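Here is a small set of exercises to work through with the viewer open. Try each task before you read its solution, and take your time.

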Amino acid sequence: MILVTRSSMPEFQEYCDEIKKLWDSHWLTNMGVEHQELQKKLEEYLNCPHVVLYTNGHLALENIIAAMQFPEGSEVITTPFTFVSTTHAISRNSLVPVFCDINPDDYTIDVDKIEALITEKTVAIVPVHVYGNMCDVERIDQIAKSHKLKVIYDAAHAFAVKYKGVSSANFGDASMFSFHATKVFNTIEGGAVCFQDDRLEDTINDMKNFGIRGQERVVFIGGNAKMSEFQAAMGICNLRHLNREIGKRKCVVERYRNNLGHVSGIKLCKPQKDVEPNYAYFPVVFDGFRASRDKVFDALGEQGIAARKYFYPITNSVEAYSELPSAGGEKTPVAAYLADRVLTLPLYADLALEDVDRICEIILSCRR
Ligand code: T4K
């Protein structure tokens with residue numbers, strides 16, 4: 001089987017060496033030495049003053065939205081072409097997701113359609129750097145400033161991506177990364193919230209650790225979303241090899257581009273101007289190809305290749321949101337169109353180029 005991705009991992013011995021000190025100290029969680037070290041290293045790597053580590057990306061997003069203290073029932077503009085986590089994080093804060101369509105070039109929020117969705121109830125925009133493609137951060141910033149809205153990026157896919165030399169951690173009021181096993185950089189499960197504003201730091205730390213400020217002091221009704229020492233240790237190891245891993249992913253992507261870039265009916269995302277990519281996903285859109293996306297998906301599956309339909313269904317057409325006034329894929333036609341046609345092909349650092357060729361041959365053979 002070739003799966004859509006495969007977790008990056010350090011050598012077994014490297015991880016053992018890293019966790020040896022945890023065995024010796026019996027200190028397994030609650031912001032121990034590994035947690036502190038990873039946080040510091042990520043603040044340096046991302047050139048961001050505040051990186052708060054989480055046990056997963058979803059809780060990081062849910063908490064940073066909560067930290068903004070928006071009134072219940074407020075509206076948040078977001079896109080449906082994402083993993084359900086984005087929409088759930090808004091809804092679970094008793095806020096109302098309002099779905100904006102995406103642009104057909106890089107599948108991020110269509111900035112020309114945001115303002116028409118703003119009402120007196122709108123408090124924020126939650127755009128998604130989907131597949132690691134950067135949103136139009138400059139236009140979003142202008143719109144948010146002129147309407148006094150907060151911007152919280154779902155940057156789950158965009159770790160290590162830079163725009164005009166600036167890390168994706170540093171746009172909007174905050175950004176959330178996922179460090180899930182399937183991501184370019186993983187801490188097994190994990191995530192982080194990144195922001196510039198010093199005033200957010202206490203709140204976001206309180207939210208992930210019960211509002212505890214000392215053994216006899218609890219100042220806030222927080223939950224528990226702490227990253228453990230073992231997760232942080234995996235992150236420290238993986239960070240050492242990240243640039244090499246991204247370099248290998250680049251080779252895989254280039255091979256796919258060479259094989260599929262000029263095929264009629266197959267549309268690939270163009271490299272974005274001023275963006276240093278992380279090669280997180282390789283989405284392919286079958287539009288006018290002689291076989292449908294689903295036929296290609298099945299043909300790959302029959303040969304043991306598990307591509308994925310990220311992101312189908314779009315979140316405004318899943319059952320859980322059927323009661324929402326803004327639900328319905330027809331209201332976001334570009335997202336709906338793409339969701340029916342997109343396939344993300346296997347991509348990970350150690351994917352052999354011969355396997356890439358084989359995957360492409362199977363795709364091309366579907367035309368017959
Ligand atoms: N926002 C966005 C835009 C997101 O995409 C995500 C997560 C989030 C927010 C929330 O972040 P987290 O709370 O997850 O940190 C996967 C991931 O579980 C999820 O993290 C990710 N997005 C989503 C796009 O994909 P599934 O259900 O597709 O995962 P699964 O288990 O089918 O795994 C996919 C493939 O990855 C497997 O076929 C093989 C490989 N794999 C998987 C696991 C679990 C590994 O190589 N190692 C592993 O440990 O959701």
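**Exercise 1. Find how strand β6 pairs with β13, and then place both strands in their sheet.**

Solution. Keep in mind that you are looking at a predicted model.
- Start with the pair itself: β6, residues 162–163, runs antiparallel to β13, and 2 bridges join them.
- Next, pick out one bridge: K162 has E276 of β13 as its partner.
- Now widen the view: the open sheet has 3 strands, ordered β7-β6-β13, with antiparallel pairing.
- Finally, look at the edges, which are β7 (166–167) and β13 (275–276), each pairing on one side only.

**Exercise 2. Work out the strand order of the open sheet of 7 strands, and say why β1 and β3 each have one side without a neighbour.**

Solution.
- Trace the strands across the sheet: the order is β1-β9-β8-β5-β4-β2-β3, and the pairing is mixed.
- Then check the ends: β1 (50–54) and β3 (96–99) are the edge strands with a single partner strand each, so one side of each has no neighbour in the sheet.
- Follow the turn from strand to strand, and you get an average twist of 25°.
- Zoom in on one pair: β8 (residues 174–178) and β9 (residues 191–195) are antiparallel, with 4 bridges between them.
- Within this pair, F177 is bridged to A192 in β9.

**Exercise 3. Identify which strands helix α2 and helix α5 pack against, and give the angles.**

Solution.
- Take α2 (residues 33–46) to begin with: this helix packs on the sheet and touches β1, β8 and β9. Its direction makes about 135° with that of β1.
- Move on to α5 (residues 137–147), which lies across β4 (122–126) and β5 (150–154). The angle between α5 and β5 is about 150°.

**Exercise 4. Describe how the protein is divided into domains and how many residues each gives to the contact.**

Solution.
- Begin with the bounds, which come from a domain assignment: domain 1 covers 12–240 and domain 2 covers 242–365.
- Then take the centres over C-alpha atoms: 24 Å separate domain 1 from domain 2.
- Last, count the residues in the contact: domain 1 brings 42 residues and domain 2 brings 33 residues.

**Exercise 5. Characterise the largest pocket and explain where it lies relative to the domains.**

Solution.
- First comes the volume, about 500 Å³ for the largest pocket.
- Its lining has 29 residues, with F83, S178, H180, T182 and K183 nearest the centre.
- Sort the lining by class, and you find 13 nonpolar, 13 polar and 3 charged residues.
- Ask which elements take part: α3 (57–67), α4 (84–91), β8 and β15 (342–345) each supply at least two residues. The helix α4 gives the most, with 3 residues.
- Now for the position: domain 1 and domain 2 both give residues to the lining, so the pocket lies between them.

**Exercise 6. Find out how many cavities of 30 Å³ or more the structure holds, and what lines the largest cavity.**

Solution.
- The count is 1 cavity of 30 Å³ or more.
- The space in the largest cavity is about 40 Å³.
- Lining residues of the largest cavity include A156, H157, F159, S178, K183 and N278.
- By class, this lining has 6 nonpolar, 3 polar and 1 charged residues.
- Compare with Exercise 5: S178 and K183 also appear among the residues nearest the centre of the largest pocket.

**Exercise 7. Locate the backbone features at F311, P313 and Q69.**

Solution.
- Recall the background: most peptide bonds are trans, and most residues other than glycine have a negative phi.
- From Y310 to F311 the peptide bond is cis, with omega near 10°. F311 is in the loop between α8 (293–302) and α9 (333–339).
- From Y312 to P313 the peptide bond is again cis, with omega near -5°. P313 lies in the loop between α8 and α9.
- Q69 is not a glycine, yet its phi is positive, about 55°. You will find Q69 in the loop between α3 and β2 (75–78).

Notes. Residues are numbered from 1 along each chain as its sequence is written. This is a predicted model: local features need pLDDT of at least 70, side-chain atom pairs count only at pLDDT 80 or more; totals for chains, interfaces and linings use all residues. Side-chain values use heavy atoms; hydrogens and water are left out. On a 1 Å grid over the protein atoms alone, a cavity is a set of points where a 1.4 Å probe fits but cannot get out, and a pocket is an open set with protein on both sides within 12 Å along at least five of seven lines; lining residues have an atom within 4 Å of a point. Grid points are joined across faces, edges and corners, and a volume is the space filled by probe spheres set on the points. Ala, Val, Leu, Ile, Met, Phe, Trp, Tyr, Cys and Pro count as nonpolar, Asp, Glu, Lys and Arg as charged, and the others, Gly among them, as polar. Two strands pair if DSSP finds at least two bridges between them. Axes are lines fitted to C-alpha atoms, for helices over the stretch in contact, and angles run from 0 to 180 degrees between N-to-C directions. Contact means heavy atoms within 4.5 Å.
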